[in-house]
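These are my notebook entries on a single chain, written while I went through the structure element by element. I began with a loop residue and worked outward from there.

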Amino acid sequence: MPYYGTKKSQRKHHRNKHLQRRRPAFERAPYCNFCYIPSGEILYNQHPTGFFNFWNWIKDNHSARNYNLCTVITFAKLKENIAELNTAADLTTEILKSILFSTLSTPILELLYYIPALCEETQGYSSAPTEYQTTKLYNLYHNLPPPEAPPETMNQDQLTAVLTTIFGTNGQNITQLTTALGNAPPPRELTIAKVDNFHGKDDEDPYEWLERFETAANTNQ
């Protein structure tokens, strides 16, 4: 399975150096689990806030498969340096080089745009990127029209204000309606006069039937 920015032959050569017990610091590779063994820097169970929101996004949308300690460390650094464009770009590149992908389905330059931009959109991935945020950045990158903004949802105070307008303070409108219904006069009894259907037969007089219909209508008012 592939990584961004490195070839399989490069990774094999790097691994052979570890096997030969040569591990110069300047060759520390983002993808290498030998270079990034959990230590005092950070443990695997000490993920920075928002990391899993980031990870689920890149896994679900861009075929990411595995991350390592370098991914975790560099993600924390990215959050701290997101305002420094050049530094953020370098850190994002290192994050991408540290992740194993099922397939490199998205160009690396595109991901270099999305990751820092979503970091700002979500305030350091404190919340999971929404479909609207993802689509908005995709459209910006590809020079497409922006998507429609999602409808705003009411907070608790706004909902309370709407319900108060409808039902009144403490349900006063409902109380008044109930009282009014209780004081209403009882419905009058109705006498329903019925008229047989007119079938147009020879033994039926349409004028007589019409008179009976009008009489019944007046009675039923």
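Entry 1, a loop residue after H6. I looked up asparagine 143 in this predicted model and found it exposed, with a relative accessible area of 71%. I placed asparagine 143 in the loop between H6 and helix H7 (156–167), where it comes just after H6. Its phi is positive, about 55°, although the residue is not a glycine.

Entry 2, a second positive phi. I then turned to tyrosine 125, a residue other than glycine whose phi is near 60°. I located tyrosine 125 in the loop between H5 and H6. Is tyrosine 125 buried or exposed? I read a relative accessible area of 0% for tyrosine 125, which makes it buried, whereas asparagine 143 at 71% is exposed.

Entry 3, the helix between these loops. I went through H6, which spans residues 131–141, and noted Gln133, Lys136, Leu137 and Asn139 as buried. Why do these residues lie on the same side of H6? They cover an arc of only 160° around the axis, and this puts them on the same side of the helix. I also asked what covers them, and found that helix H5 (108–121) is included in that cover.

Entry 4, one buried residue of H6. I followed up asparagine 139, which lies in helix H6. Its relative accessibility is 9%, and because buried means under 20%, asparagine 139 counts as buried. Leaving aside residues up to four places away in sequence, I listed its contacts as Leu144, Pro145, Pro146 and Pro147.

Entry 5, the chain as a whole. I stepped back to the overall layout and recorded nine helices and two strands, which from the N terminus on follow the order α-α-β-α-α-β-α-α-α-α-α. Of the 221 residues of the chain, 28% count as buried. For the accessible surface of the chain I noted about 15,600 Å², with 53% of it belonging to carbon and sulfur atoms. Among contacts in the chain with a separation of 6 or more, 57% are accounted for by residues 24 or more positions apart.

Entry 6, the nonpolar cores. As background I kept in mind that nonpolar side chains tend to be buried together in soluble globular proteins. The largest nonpolar core here has 25 residues, and those touching the most other members are Phe54, Trp57, Ile58, Ile99 and Ile115. I found that helix H2 (51–62), helix H3 (69–80), helix H4 (85–98) and H5 each supply at least two residues of this core. Which helix gives the most to this core? I noted H5, with six residues. Apart from this core lies another, of ten residues, which includes Tyr31, Leu69, Ile73 and Leu100.

Entry 7, isoleucine 99. I chose this residue from the largest core as one of those touching the most other members. Not counting residues up to four places away in sequence, isoleucine 99 touches Pro2, Tyr3, Phe54, Trp55, Ile58, Ala64, Asn66 and Thr71.

Entry 8, H4 against H5. I found these two helices packed at an angle of about 115°, with their axes 10 Å apart, and H4 passing H5 in a right-handed crossing. From H4 the contact takes in Ala89, Thr92, Thr93 and Leu96, and from H5 it takes in Ile108, Leu111, Leu112, Ile115 and Pro116.

Entry 9, H2 against H5. Here I noted an angle of about 150° and axes 12 Å apart, again with a right-handed crossing, in which H2 passes H5. Which residues in H5 are met by Phe54, Trp57, Ile58 and His62 in H2? I listed Leu111, Tyr114, Ile115 and Leu118.

Entry 10, alanine 117. My last look at helix H5 was at alanine 117, which lies in that helix. At 15% relative accessibility, alanine 117 counts as buried. Its C-alpha atom and that of isoleucine 82 are separated by 9.1 Å, while the two residues are 35 residues apart along the chain.

How values were computed:
Residues numbered from 1 in each chain as written. Predicted model: local features only at pLDDT ≥ 70, side-chain atom pairs only at ≥ 80, totals over all residues. Heavy atoms only, no water. Buried < 20%, exposed > 50% of the residue type's maximum accessible area, 1.4 Å probe, protein only. Helix = DSSP H or I, 4+ residues; strand = E, 2+ residues; numbered from the N terminus. Arc of directions from axis to C-beta. Contact = heavy atoms within 4.5 Å. Areas by Shrake-Rupley, 256 points an atom, 1.4 Å probe, with all protein chains shown as cover. Core = buried A, V, L, I, M, F, W, Y, C linked by side-chain atoms within 4.5 Å. Axes fitted to C-alpha atoms, helices over the stretch in contact; angles between N-to-C directions. Left-handed = near helix turned anticlockwise from the far one by under 90°.
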